[in-house]
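Me: I should like to learn how to read the features of a protein model. Would you take me through them in turn?

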Amino acid sequence: MADTPIFTPEVRVCDLHDQHEHETTSPNGQTLSRRRIMQLLGAAGVTTAVMTAEADPAMAAASSDVTEGPYEAPEGLAQDSPAKTSALDWITSRAGSITGLNSEIWENAELSLREWKSSLAEAGFLEKAGFHVEFGTAGFPTAFTATFSYGTGGPVLGFSGEYDALPGLSQNKGVGHHDPREYVHDPFAPSYGPGHGCGHSALGAAAAAAAAAVAQAAKKHKLPVTVKFFGSTAEETLIGKTYAVSKGVYEGLDAFLDWHPSTSNATGWGTTTAMTAVTFTFLGVAGHGGTPLGNKSALDAAVMMATMSEFLREENLAPSGRLHWVINNGGDIPNVTPEIAEISYYVREGSPARVQVLLDKVIAVSEAAAKASQTSVQHRITSACWNQLPSKSFAELLHANMKQIGPPEFTDEAHDLAKQLQESLGLPQKGMHAEIAELTAPNPVFMGGGSTDVADISWNVPTVSMGAALAPIGTKMHTWSTASCAAAAPGRAAVVAAAKYLAATAVDLITRPEQLKAVKDEFKERTKDVDWKTSLPDGYEPPMYEPPEWFLRKTGQKWPPKNITWPPKRVVSQEKFSSLGPDLPAQK
């Protein structure tokens, strides 16, 4: 979630000046007045239009220029230039190798923190384009930084690449019904292998192509610039960038350009939810299921916690918040009482301060579950990120370039696949989104949504994000249907289009210094009252997997990196059987 921000148009408040006239229409056609929206939100809602810096600096900064009344995007921001033409031509002429990189990473389908082959493929693409590559960014084996410089005194522009797949979303390429490419034939727990259900194979390929195209254009037209591409691990667990930002990896950038696969072609200046990922480990005492007296079931504790946390929703979870969980370790066999069980939560809210309030309540629930089940509990924060700081001026420039270039060139094959998938999922058969969505103001009432580890970058560097349609209209990310599209006809079109959108916008920042100045000035104004500090706890060590020896040799790394304890501390239960009280006297 990755985890991802959503770029499709939201339910929007159109006019704050007259609450009698003020109405908005939801996607299902329901008309909502401002008064009704406020009733739905209640006192716990996040009304960004009236948020003050004193109450919540992060939310206030992210919504400091919510448009009141109709918004019209400015005209003429995207301008042709010889350098921009060169960058776009470079992408067009190498479309085959760009989509080939997407396909290669899609075939690998490697999970977070273990993207051995995929990171090498992306790094190799950039090395061929003249970038210098160094692996091991922030200590992560599969993270790398690729750098290209021409001349001196030019801006420093950053691009982001991701390449991790999601568990359980394996799907054959270009198939219009659910057909896992990898099926795990376990007689007790059949499952599916990993797949690119969030389209990160395309994300990394397009971003790498954009970075390379900008570098080639700068070299050809003698434009001073430094282009930095950050190969980022573990976006799906929101680990890679959040930790890297805390270690200063993105310092020195003038601007950062980001994109994500979506169901539409759109950008904007809305925010995302801040999030903390936390895993609770319950420890009990194992024993035979046929003689359960005195055993302590850690699974009972996890189930109690899951159940009790659901009761937070009515009175403690605002419309801007999200709370979801999964039991990722619940035992192995019914006749052994589970001695260890783990349940992981994603706790989301409109700002880090609001996340902390909700997180404290979730932790209290874990302690109550442990007490009720007579087990012990410990928790660890696995990742944490802020809400994203938007940039209106940056979004306007990017949107102008998207409009100038036009939507992805979807073939009949792409639309046919999209309609087959829509039919399989019970959705209207509308095909792919073949237009550029209008740039619209964000909803002043923040209703929550996804999260991204790009958010932490955005508080340190002016950042823009956009979505390009890779999945069919009406579908969602984190699905097998997205995996079907990612390297098939829809994904091939999206990759080329996204690369052009990013490259064209970056060239404008180089050739038109006033555009970069506007972006930086807005960033300075938004952040003037905010003291950014990572949401990761003190002493945080990021989770890692030991790489295979061949990967360490090929990337010139040593194991373990200096920033983690290896091997990690073992989690072993030392709990005792539950007392049933004094023995009963024998019957006479």
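The dialogue below takes up the sheet, the helices, the aromatic pairs, the cavities and the backbone.

Me: What should I know before I begin?

Reply: This is a predicted model, in which local features need pLDDT of at least 70 and side-chain atom pairs count only at pLDDT 80 or more, while totals for chains, interfaces and linings use all residues. Residues are numbered from 1 along each chain as its sequence is written, and side-chain values use heavy atoms, with hydrogens and water left out.

Me: How is a sheet read, and what is the order of the strands in the open sheet of seven?

Reply: Strands of a sheet pair through backbone hydrogen bonds, either parallel or antiparallel. Strands (E, at least two residues) and helices (H or I, at least four) are DSSP runs numbered from the N terminus, and two strands pair if DSSP finds at least two bridges between them. Here the order is β4-β5-β9-β6-β10-β17-β11, and the pairing is mixed. β4 (132-135) and β11 (266-267) are at the edges with a single partner strand each, so one side of each has no neighbour in the sheet.

Me: Which strands does β9 pair with, and in which sense?

Reply: β9 runs antiparallel to β5, with seven bridges joining them; alanine 146 stands opposite phenylalanine 229 in β9. With strand β6 (residues 156-162), β9 pairs in the parallel sense, again over seven bridges, and there serine 160 stands opposite phenylalanine 230. Elsewhere in the sheet, β10 and strand β17 (residues 463-469) run parallel and are joined by seven bridges; serine 262 has alanine 469 in β17 as its bridge partner.

Me: Is β9 mostly covered or uncovered?

Reply: The word "buried" means under 20% relative accessible area, "exposed" over 50%, and "partly exposed" in between (1.4 Å probe, protein chains only). By that rule seven of the eight residues of β9 are buried, and the strand is mostly covered.

Me: How does one read a helix, and how far does α6 reach?

Reply: An α-helix has 3.6 residues a turn, so residues three or four places apart point the same way. The expected span is 1.5 Å times one less than the number of residues. Helix α6 (residues 200-221) has 22 residues and reaches 32 Å from its first C-alpha to its last, close to the 32 Å expected. Of those 22 residues, 18 are buried, so α6 is largely enclosed by the rest of the structure. Lysine 222, which follows α6, has a positive phi near 55 degrees.

Me: What is the span of α5?

Reply: Helix α5 (residues 116-128), with 13 residues, reaches 19 Å, close to the 18 Å expected. Its buried residues include Trp116, Leu120 and Phe125. Glycine 130 follows α5, and its phi is positive, near 95 degrees.

Me: How are aromatic pairs recognised, and how many are there?

Reply: Rings of Phe, Tyr and Trp (its six-membered ring) pair if their centres lie within 6.5 Å; planes under 30 degrees apart count as stacked, over 60 as edge-to-face and the rest as tilted. The structure holds 18 such pairs. In one of them, phenylalanine 135 and phenylalanine 144 have ring centres 5.3 Å apart and planes at 45 degrees, so the pair is tilted. Both of these phenylalanines, 135 and 144, are buried. Phenylalanine 230 and tyrosine 250 form another tilted pair, at 4.5 Å centre to centre and 45 degrees between the planes. Phenylalanine 230 lies in strand β9 and tyrosine 250 in the loop between α7 and β10 (255-262), so this pair ties together parts that are 20 residues apart in sequence.

Me: What is a cavity, and which residues lie nearest the centre of the largest cavity?

Reply: On a 1 Å grid over the protein atoms alone, a cavity is a set of points where a 1.4 Å probe fits but cannot get out, and lining residues have an atom within 4 Å of a point. Grid points are joined across faces, edges and corners, and a volume is the space filled by probe spheres set on the points. The structure holds five cavities of 30 Å³ or more, and the largest has a volume of about 70 Å³. Its lining has 15 residues, of which Thr137, Ala143, Gly231, Ala244 and Tyr250 lie nearest the centre. β5 (144-150), β9 (225-232) and α7 (240-246) each supply at least two residues of that lining.

Me: Where are the cis peptide bonds to proline 560 and proline 567?

Reply: One joins tryptophan 559 and proline 560, with omega about 0 degrees. Another runs from tryptophan 566 to proline 567, with omega near -5 degrees. Proline 560 lies in the segment after α17 (549-555), and proline 567 is placed in the segment after α17 as well.

Conventions:
1 Å grid on protein atoms, 1.4 Å probe; cavity = no way out; pocket = protein on both sides within 12 Å on 5 of 7 lines; lining within 4 Å.
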